[in-house]
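Dear colleague,

I am passing on the structure we spoke about, so that you can look at it alongside the notes that follow. Please read them with the model open in front of you.

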There are 2 protein chains.
Amino acid sequence: MKYETIRWKNDRLEVIDQRLLPGKTRYAACFTDGDVVRAIKAMAVRGAPAIGIAAAYGVYLGVRKSRARGFRSFKKELERTMKRLAASRPTARDLFWALERVDELVKKNKGMPVGELKSMVLYEAHAILDEDRRRCRAIGREGKALIAKGSNILTHCNAGGLATGGYGTALGVIFAAGKKVRRVYVDETRPVMQGARLTVWELSKANIPATLICDNMAASLMAKNEVDAVMVGADRIAANGDVANKIGTYNLAVLAHYHKVPFYVAAPRSTFDLSVADGGAIPIEERSPLEVKKMGGEYVTLKDVDVRNPAFDITPAKLITAIITERGVIRRPDRRKIAKLVGG
Amino acid sequence: MKYETIRWKNDRLEVIDQRLLPGKTRYAACFTDGDVVRAIKAMAVRGAPAIGIAAAYGVYLGVRKSRARGFRSFKKELERTMKRLAASRPTARDLFWALERVDELVKKNKGMPVGELKSMVLYEAHAILDEDRRRCRAIGREGKALIAKGSNILTHCNAGGLATGGYGTALGVIFAAGKKVRRVYVDETRPVMQGARLTVWELSKANIPATLICDNMAASLMAKNEVDAVMVGADRIAANGDVANKIGTYNLAVLAHYHKVPFYVAAPRSTFDLSVADGGAIPIEERSPLEVKKMGGEYVTLKDVDVRNPAFDITPAKLITAIITERGVIRRPDRRKIAKLVGG
């Protein structure tokens, strides 16, 4: 593990407050499910797998003080908590996956006393965190074969230890590829700057040469053959292989296609949503215009200008060279291959 | 004219200090050629045509106090001044075009007394400014036929009145198209934010509906058929039609090609450089990494991270639907068509 993005300590959930990076490494403490909702909404914790883990702990924080005596009233409180958590952000599949997993577990154990159910929820959150770390290592092992020696890899946003339990998906592959990677080009990733703030920080800690660029520079690097592969994470993957990921990912996929650069997506099975036929049905969060209008607290444009700020975009499966999961690599992803590897 | 981006007033050159927009509209005064060089380098004045105009005045400011009595010594001072101005920024063709034009004029009039040569240089600068305004209007007239009624147009950087003598090239076409334009999507244009700061301000003044987006959002708008045309300016156009323009332009050209969206470049003849065979030979300025690393005076990334900051990129002619000049529209630009319209 690279660092503890999320940890359970002194009977509370602690998350590295990613809004303060790279300037300060400080943990934000969550004592209630409301604290977790706020941390997710404000992106103190972000990245699909990390959101899922935080939400699982959030369920425990929401019910741990429950005075319910019977299963039905406990279940009601649990559902209220889950509803609150589910409403924090709409796109990342892992959030709903984690909630469903906790829900299933409780349903399966409805005979248990409430006190034991509470403990069970906490241990399930621990399990989700622990599994994430192993899954990310597995993604790294599966993916590193795709990286040729001496490669320059372009990545977008942050799909590293900070977006997961501590190792990363897209960056997990890069960490696992190690010395084979010559340089990582990091898209700064407007408007929240996860690339500039988080990915640069992670690569620096891992001693991997990194070069920061603005998102609009990728095309000119590709035209000069300076990019050998694009490697990104995912927030939700539809049954047909369409990928929702940080806004700007689709942009890179089109550029990679045009320049014949391989385009890889690294994500655990919990990011797949087989109930969604294709990318068109994935809900895309529209965030506050202030993220675009302000920089360092100051307006950089007219205060009343109209703004679009979708947090994600959809990359169609046909533009994806391969999806790297903890169970193996899906080349030229389609419905059949995904169902085979991810389903069941 | 929309506004006086550049004006000669009280015996000095005044330029709207574009670093302060949209917060403050304030003129920066230039008393010497050194002041003009600094204003261009710091991007207080920017945009290829505007740089050319400012440089022409800069030549006058550089020689107006000359004590040379004969042509040869005057010519030497003139050349020193021109060399300083030519070194301010390397990519915009209009800078060199304006300097060459003044140089030609002086050479042609070598018999004149030095005092008259000085006045002649000043009047040439006035003429260049005045012609720019007429040229931009002509570009608008030529280009507006390309805009279908109800169009959403995407633009990048600022190719408006602020980039020229006061009307604009790409924005000139949009101004001329008037009510035919439903909405302009404005790329914020990292890292210097000319779109967010300048283009949004100009469109607001002209009462044209504008929506600000981050540069990485254009692809997803195109995928949803929300962009009917891309319209940009140019800093230099090679003999074969390859275009150097603000970094991110090539990115848009690839996206437009993929989504079958027409991609237009609007530029005066002074932006063409027939001495340059293709885009590969156009020098691309690399600017300070601090433009990328800092926002509102604060570092948003690690201080010592490696950064790439090319100010321009090259869009190959094959991705350009048409180039709009004051002499007419060059559809599917190539060497022959360009030589015919621009040369001679």
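Across the interface of domain 1 of chain A and domain 2 of chain A, 18 residue pairs are in polar contact, counting pairs in which both residues have pLDDT 80 or more, a filter that applies here since this is a predicted model. The elements that each give two or more residues to the domain 1 side of that interface are helix H2 (48–63), helix H4 (93–108) and helix H5 (114–143) of chain A, and H5(A) gives the most, with seven residues. By type, the residues on that side divide into 16 nonpolar, four polar and 10 charged.

The rule finds one salt bridge across this interface; Arg89(A) forms a salt bridge with Glu285(A), with the closest N and O atoms 2.8 Å apart.

As for the extent of the two parts, chain A is divided into domain 1 (6–138) and domain 2 (142–342), and their centres, taken over C-alpha atoms, are separated by 25 Å. In terms of contact, 30 residues of domain 1 of chain A meet 35 residues of domain 2 of chain A, and the two domains bury about 2600 Å² between them, with 54% of it on carbon and sulfur atoms. Within domain 1 of chain A, the residues that lose the most area to domain 2 are Arg46(A), Thr91(A) and Arg93(A), which together make up 23% of what that side buries.

Turning to the two chains, 51 residues of chain B are in contact with 51 residues of chain A, and the area buried between them is about 4100 Å², of which carbon and sulfur atoms give 65%. Asn216(B), Tyr258(B) and Arg308(B) supply 18% of the area that chain B buries against chain A, more than any other three residues.

There are six salt bridges between chain B and chain A, and the side chains of Arg183(A) and Asp306(B) meet in a salt bridge at 3.5 Å, N to O. Polar contact between the chains comes to 22 residue pairs, with both residues at pLDDT 80 or more. Several elements of chain B each supply at least two residues to the side that touches chain A, among them strand E5 (181–187) and helix H7 (194–205), while H9(B) gives the most, with six residues. The residues of that side divide into 28 nonpolar, 12 polar and 11 charged.

Finally, strand E14 (residues 306–307) of chain A runs parallel to E6(B), the two being joined by two bridges, and Asp306(A) stands opposite Thr211(B) in E6(B).

With best wishes

Definitions and conventions. Residues numbered from 1 in each chain as written. Chains lettered and ligands numbered in written order. Predicted model: local features only at pLDDT ≥ 70, side-chain atom pairs only at ≥ 80, totals over all residues. Heavy atoms only, no water. Contact = heavy atoms within 4.5 Å. Buried area = accessible area lost by both parts, 1.4 Å probe. Salt bridge = Lys/Arg side-chain N within 4 Å of Asp/Glu carboxyl O. Polar contact = N/O pair within 3.5 Å; in protein donor to acceptor, adjacent residues only side chain to side chain. Helix = DSSP H or I, 4+ residues; strand = E, 2+ residues; numbered from the N terminus. Nonpolar A, V, L, I, M, F, W, Y, C, P; charged D, E, K, R; others polar. Pairing = 2+ DSSP bridges. Domains from an automatic or database assignment.
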